[in-house]
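Thank you all for coming. I would like to walk you through one structure this morning, beginning with its ligand and then moving to a helix and a loop.

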Amino acid sequence: MKSIYFGEEHQMLREQVRRFVNEVVRPQGEAWEAAGRVPREVLKQMGELGLLGMRHPEAYGGTDNDALASALLAEELGRSSFGGFSATVLVHTDMASPHLRHSGTKAQLERWLPGIVRGDVLTAIAVSEADAGSDVAGMRTTARRDGDGWLLNGSKMFITNGVTADLVIVAARTDPSQKGSRGISMFLLERGTPGFSVGRKLEKFGWRCSDTAELVFENVRLPEDALLGKLNRGFYEIMKNFQNERLVLAAMAVGESTEAIEQTVRYAKSRKAFGATLWDKQAIRQRVALLESRVEAARQLLYHAAWLLSSGSDAVREVSMLKAVAGELVNEVMYTCQQFHGGMGYIQETAIERMVRDARVLSVGGGATEVMLEEVAKRS
Ligand SMILES: Cc1cc2nc3c(=O)[nH]c(=O)nc-3n(C[C@H](O)[C@H](O)[C@H](O)COP(=O)(O)OP(=O)(O)OC[C@H]3O[C@@H](n4cnc5c(N)ncnc54)[C@H](O)[C@@H]3O)c2cc1C
């Protein structure tokens, strides 16, 4: 569908991502799911194509693109049908490394961004804890002053790329006397730093080729320049990227929904029952057509919200609406598409079986539907 939001450059980018998905992701995705990881070479391949540095400055090898580019990257990755692959990439490009771009010093940017853009350095963002998910302010990990550096203690939960990341951006409490969202700071933590370990790799319902980990910090000594952004202002630093993070999660949901509907239409047109195809049954084709219409409505809100962000406007209301709508809709779409695949929809060799599992987290991660609706209600 033509769109007023995208120019020729965006269109070329979309075609490039789609080609990569068709030629690289679709043929190999099943193997990555079985292995529980995405090979680093694949990420480096994306780096060579310029797909990992779209939100980073040209001076560091990036292409300094906008939120519309992030939305289309996430939508096209979503269409691959491998949610775990999309999560691996998008956490790196749009959820973790942008914190460095927003808050990093020149020295930090020079040190890390070129490797991030090439895919040599994989990033993760560690905010959630076992007792602090939706309510970020409940975090208990601390970083205390220790000479000219910091001593990091605590643990993080559900961290995407946690096992394989070379650089983890960690949120920790730096001023225990301040309560709630105050007194939190962000730190750059390198893999291999003594005291930093992966507690366990978490086995999951879906996103199986994405690694998700519990991270443990035991007296991890961080140098002074590991601080990212302003001291005790970490919550506000985290918030700077919230809208972009939610936008790409919603874009994944729109892409996954589109792919599931296309697969279901193909299946329903070929599957015969009661003397005709499933598609010949009005009850089926109308339910699919209604879902297709609702996905298209979500897609237009996605593009509008991305455009608002790209033009520097406040978009908290629109992005929250979008994340709530798309996260719920993708689950409805998957349920119905699986239903119309009949018994085959329950069998692992059918893509929809995996897509149902992958979609489930999209109404929870990066801001659960209820949390998003509170953001909308505050502005109603
Ligand atoms: C596969 C996966 C990958 C993840 N990756 C990362 C990552 O890379 N980095 C990171 O920091 N975190 C990550 N997370 C954590 C994720 O962001 C949290 O799971 C999410 O924010 C919800 O937090 P919680 O799990 O603690 O749920 P809780 O906060 O305990 O909430 C549980 C449920 O209660 C409901 N709820 C919560 N608040 C409200 C409210 N105010 N009103 C009404 N209902 C409410 C919602 O339905 C919610 O799902 C990941 C999680 C998963 C599952």
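Let me begin with Phe158, where a backbone N or O atom lies 2.7 Å from a nitrogen atom of the ligand, a polar contact in the sense of a pair of N or O atoms within 3.5 Å. Before I go further, please keep in mind that this is a predicted model, in which local features need pLDDT of at least 70 and side-chain atom pairs count only at pLDDT 80 or more, while totals for chains, interfaces and linings use all residues. Residues are numbered from 1 along each chain as its sequence is written, and side-chain values use heavy atoms, with hydrogens and water left out.

Two side chains also reach the ligand: an N or O atom in the side chain of Ser134 is 2.7 Å from a ligand oxygen atom, and a polar side-chain atom of Glu370 lies 2.8 Å from an oxygen atom of the ligand. Taken alone, the ligand exposes 960 Å², of which the protein buries 63%, these areas coming from the Shrake-Rupley method with a 1.4 Å probe. Which elements give two or more residues to the shell around the ligand? They are strand 3 and helix 10 (369-378), and strand 3 gives the most, with 3 residues; helices here are DSSP runs of H or I with at least four residues, and strands are runs of E with at least two, numbered from the N terminus.

Turning to helix 9 (residues 351-359), 8 of its 9 residues are buried, so this helix is largely enclosed by the rest of the structure, where buried means under 20% relative accessible area, with a 1.4 Å probe and protein chains only. Among what covers those buried residues are helix 1 (8-35), helix 4 (83-103), helix 6 (234-270) and helix 8 (316-340).

Finally, the loop between strand 3 (149-160) and strand 4 (167-173) holds Asp166, and Asn161 is found there as well. Is Asn161 buried or exposed? Asn161 is buried, with a relative accessible area of 0%, and, leaving aside neighbours within four places in sequence, its contacts (heavy atoms within 4.5 Å) include Thr88, His92 and Asp211. Asp166 counts as buried because its relative accessibility is 18%. With the same neighbours left aside, Asp166 is in contact with residues including Arg40, Asp120 and Arg191, and the C-alpha atoms of Asp166 and Arg191 are separated by 5.0 Å although these residues are 25 residues apart along the chain.

Conventions: Buried means under 20% relative accessible area, exposed over 50%, partly exposed in between (1.4 Å probe, protein chains only). A polar contact is a pair of N or O atoms within 3.5 Å; within protein, one must be able to donate a hydrogen and the other to accept it, and residues adjacent in sequence count only if both atoms are side-chain atoms.
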